[in-house]
Amino acid sequence: MMFFIGNAFADGAAAAQSSNWMSFLPMLAFVAILYFLLIRPQQKRAKQHQALVAAVKKGDKVVTNSGIIGTVSKVLNEQEIMLEIADGVNCKFVKSAITSVLNENGEKVADSSASCGCPAQLKKPVQQKKPATKTTKSETKKTTES
């Protein structure tokens, strides 16, 4: 009977080694999920924002992260710009405070907060539908009679 006990200990040691290796597999899967769901999209958004900030030039209409809309009146250096927020009112801003660039109509042309991770690109304006008008019963009768 004693010779079976040695075999049992040997089998337990082999099983323990494989279970130690397998215990890291869920942790590796968790790290991979975190990378693809959190870290990678954030890196894409950061690169997109850097490209947006680098492309800002005099005359661009921009929105800052505080919600101020203004026109770039002067690019002071690589980190700072001067925004004209009203006639004759200029404020100095850090370039990284810009969140989006607007066109003449006030529609976003480039936005650094896009969730798709795509590079900043021109966006087509959304056409709004005309609201449906209500017709009265007398109007419907007139149209059916004629």
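Val-63 stands opposite Ile-69 in β2. That pairing belongs to a predicted model. The protein has 2 helices and 6 strands. From the N terminus, the elements follow the order α-β-β-β-β-β-β-α. The 6 strands form an open sheet with antiparallel pairing. Val-63 serves below as the way into that sheet.

**Val-63 and its surroundings**

- Val-63 sits in strand β1.
- Is Val-63 buried or exposed? Val-63 has a relative accessible area of 15%, under the 20% limit, so the residue counts as buried.
- Val-63 has a partner in β2, Ile-69, and stands opposite Ser-100 in β5.
- Beyond its neighbours within four places in sequence, Val-63 contacts Ile-68, Ile-69, Ala-97, Ile-98, Thr-99, Ser-100 and Leu-102.
- Val-63 and Lys-108 are 45 residues apart along the chain, yet their C-alpha atoms are separated by 9.3 Å.

**The sheet**

- In what order do the strands of the open sheet lie? The order is β4-β3-β2-β1-β5-β6.
- β4 (89–94) and β6 (108–111) stand at the edges. Each has a single partner strand, so one side of each lacks a neighbour in the sheet.
- Neighbouring strands are turned by 40° against each other on average, direction ignored.
- β1 (residues 61–64) runs antiparallel to β2 (residues 69–75), and 3 bridges join them.
- On its other pairing, β1 meets β5 over 4 bridges, again in the antiparallel sense.
- In a regular strand, side chains alternate between the two faces of the sheet.

**β5 and the hairpin to β6**

- β5 is largely enclosed by the rest of the structure, because 4 of its 5 residues are buried.
- β5 and β6 run antiparallel and are joined by 3 bridges.
- Val-101 has Ala-110 as its bridge partner in β6.
- The hairpin of β5 and β6 has 5 residues between the strands. There, Gly-106 takes a positive phi near 85°.

**The nonpolar core**

- How many residues make up the largest nonpolar core? There are 10 residues in all.
- The members are Leu-52, Val-56, Val-62, Val-72, Ile-81, Leu-83, Phe-93, Ile-98, Val-101 and Ala-110.
- β3 and β5 (98–102) each supply at least two residues of this core.
- The bridge partners Val-101 and Ala-110 are both among the core members.
- Nonpolar side chains tend to be buried together in soluble globular proteins.
- Phe-93, one of the core residues, touches Thr-64, Ile-68, Gln-79, Glu-80, Ile-81 and Leu-83. That list leaves out residues up to four places away in sequence.
- Ile-81 and Leu-83 appear both in the core and among the contacts of Phe-93.

**Salt bridges**

- How many salt bridges are there? The count comes to 2.
- Asp-60 and Lys-57 meet through their side chains, at 3.3 Å from N to O.
- Asp-60 has a relative accessible area of 12%, so this acidic partner falls under the 20% limit and is buried.
- Glu-80 pairs with Lys-92, with the closest N and O atoms 3.9 Å apart.
- Glu-80 lies in strand β3 (residues 80–86) and Lys-92 in strand β4, so the pair ties together parts 12 residues apart in sequence.
- Glu-80 is partly exposed, at 26% relative accessibility.
- Lys-92 is exposed, at 55% relative accessibility.
- Glu-80 is also one of the residues that Phe-93 touches.

**The whole protein**

- Buried residues make up 18% of the 146 residues.
- The accessible surface comes to about 11,800 Å². Carbon and sulfur atoms account for 61% of that surface.
- Among contacts with a separation of 6 or more, 33% join residues 24 or more positions apart.

Notes: Residues are numbered from 1 along each chain as its sequence is written. This is a predicted model: local features need pLDDT of at least 70, side-chain atom pairs count only at pLDDT 80 or more; totals for chains, interfaces and linings use all residues. Side-chain values use heavy atoms; hydrogens and water are left out. Two strands pair if DSSP finds at least two bridges between them. Axes are lines fitted to C-alpha atoms, for helices over the stretch in contact, and angles run from 0 to 180 degrees between N-to-C directions. A salt bridge is a side-chain nitrogen of Lys or Arg within 4 Å of a carboxyl oxygen of Asp or Glu. Buried means under 20% relative accessible area, exposed over 50%, partly exposed in between (1.4 Å probe, protein chains only). A nonpolar core is a set of buried Ala, Val, Leu, Ile, Met, Phe, Trp, Tyr and Cys residues joined through side-chain atoms within 4.5 Å. Contact means heavy atoms within 4.5 Å. Accessible areas come from the Shrake-Rupley method with a 1.4 Å probe; for residues, only the protein chains shown count as cover.
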